[in-house]
Amino acid sequence: MITTPNRTSNWFARAVSDTVGGLGQLLWPAKCVNCGRHSVERGSGLCDDCWDGLISVCSADYCRRCGRDVSPYVAREGVCLSCRGEEIHFDGIVRAGRYAESLQDMVKAFKNDKTELDSIMVWLADTALETSTFFQDIDFFVPVPLHWRKRLRRGYNHSYLVAIGLKHPTAKVNTDLVRIRNTKEQPTMMTVTARAKNVAGAFAVRYRHPFAGRRICLVDDIKTTGATLNECAKTLKEEGASKVFALVLSVAGQNMM
Ligand SMILES: [Zn+2]
Ligand SMILES: [Zn+2]
């Protein structure tokens with residue numbers, strides 16, 4: 001039987017029009033916070049071109065199991081054809097958008113010192129989270145950790161900055177998931193197998209972590225093949241987590257399997 005997944009078309013555009021005023025109270029640079037080229041007319045922090053780019057990559061339907069773009073007409077029981085048979089350790093995913101256009105620029109810049117994008121990154125993550133079916137089922141937000149050497153070099157973990165800004169009535173941010181191996185950078189073209197091997201055994205939890213029997217939502221900036229999220233989810237479940245969900249700003253590598 002062919003069923004349609006949750007429709008997300010235009011949710012982003014509606015959210016934009018509802019929120020532009022609110023964001024404007026936080027950010028009103030004379031120039032676009034993303035491209036810096038145009039003057040900002042609407043008090044949103046972004047110029048019209050950057051908003052248009054954002055809307056184009058944030059409005060598509062996507063698979064709630066793997067996060068890839070999906071047409072409602074090719075999904076079966078809410079799962080896309082690309083991820084059927086794929087071993088996925090997390091129990092659902094929400095994303096702000098596809099890794100393209102101004103969202104790609106912002107995600108890249110955010111982890112390369114442009115921390116002034118934190119308000120818009122958090123707003124994008126919050127807006128995506130509100131569309132999830134697991135919003136009420138989260139005990140902890142757990143940012144995907146950086147190795148301590150990388151965090152020291154960068155000065156911050158961008159996923160942590162997003163996690164601490166999220167609006168949720170009860171869930172707490174927890175950093176007891178740690179990266180114990182300084183894995184290689186994963187270029188976009190790295191194969192799925194190579195990515196999985198690169199992060200295998202790279203994560204562990206701190207002694208006296210609170211994850212047993214709890215429901216966790218991982219927070220990250222980008223999902224490519226899902227190898228990192230998968231390894232984090234596997235580690236957390238081995239430590240007793242009952243559910244592990246994922247919230248990402250963007251999904252890349254749509255055709256990678
Ligand atoms: Zn712009
Ligand atoms: Zn899928």
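## Nonpolar cores

In this predicted model, the largest nonpolar core contains 43 residues, and Leu46, Met121, Leu124, Phe141 and Leu247 have the most contacts inside it. At least two residues of this core come from each of helices H2 (48-58), H3 (101-110), H4 (118-130) and H6 (158-165), and from each of strands E1 (93-98), E6 (215-223) and E7 (243-251). H4 provides the largest share, 7 residues. Another core lies apart from this one; it has 29 residues, including Val144, Val199, Leu236 and Val251. In soluble globular proteins, nonpolar side chains tend to be buried together.

Beyond its neighbours within four places in sequence, Phe141 is in contact with Leu129, Ala163, Leu166, His168, Ala171, Lys172, Val173, Asn174, Cys217 and Val219.

## Zinc site

Which residues coordinate the zinc ion (ligand 1)? The SG atoms of Cys32, Cys35, Cys47 and Cys50 do, at 2.3 Å. Along the chain these donors are spaced as C-x2-C-x11-C-x2-C. Cys32 has a relative accessible area of 3% and is therefore buried, the cut-off being under 20%.

The site of the zinc ion (ligand 1) is tetrahedral, with angles of 105 to 115 degrees among its 4 donor atoms. The ideal angle for four tetrahedral donors is 109.5 degrees.

## Chain as a whole

The protein chain has 8 helices and 7 strands. Of its 257 residues, 53% are buried. Among contacts with a separation of 6 or more, 74% are between residues 24 or more positions apart.

The accessible surface of the protein chain is about 12200 Å², and carbon and sulfur atoms account for 49% of that surface.

Conventions: Residues numbered from 1 in each chain as written. Chains lettered and ligands numbered in written order. Predicted model: local features only at pLDDT ≥ 70, side-chain atom pairs only at ≥ 80, totals over all residues. Heavy atoms only, no water. Helix = DSSP H or I, 4+ residues; strand = E, 2+ residues; numbered from the N terminus. Buried < 20%, exposed > 50% of the residue type's maximum accessible area, 1.4 Å probe, protein only. Contact = heavy atoms within 4.5 Å. Areas by Shrake-Rupley, 256 points an atom, 1.4 Å probe, with all protein chains shown as cover. Donors = N, O, S within 2.8 Å, 3.2 Å for Na, K, Ca; no water. Tetrahedral: all angles 85-135°; square planar, octahedral: opposite > 155°, others 65-115°. Core = buried A, V, L, I, M, F, W, Y, C linked by side-chain atoms within 4.5 Å.
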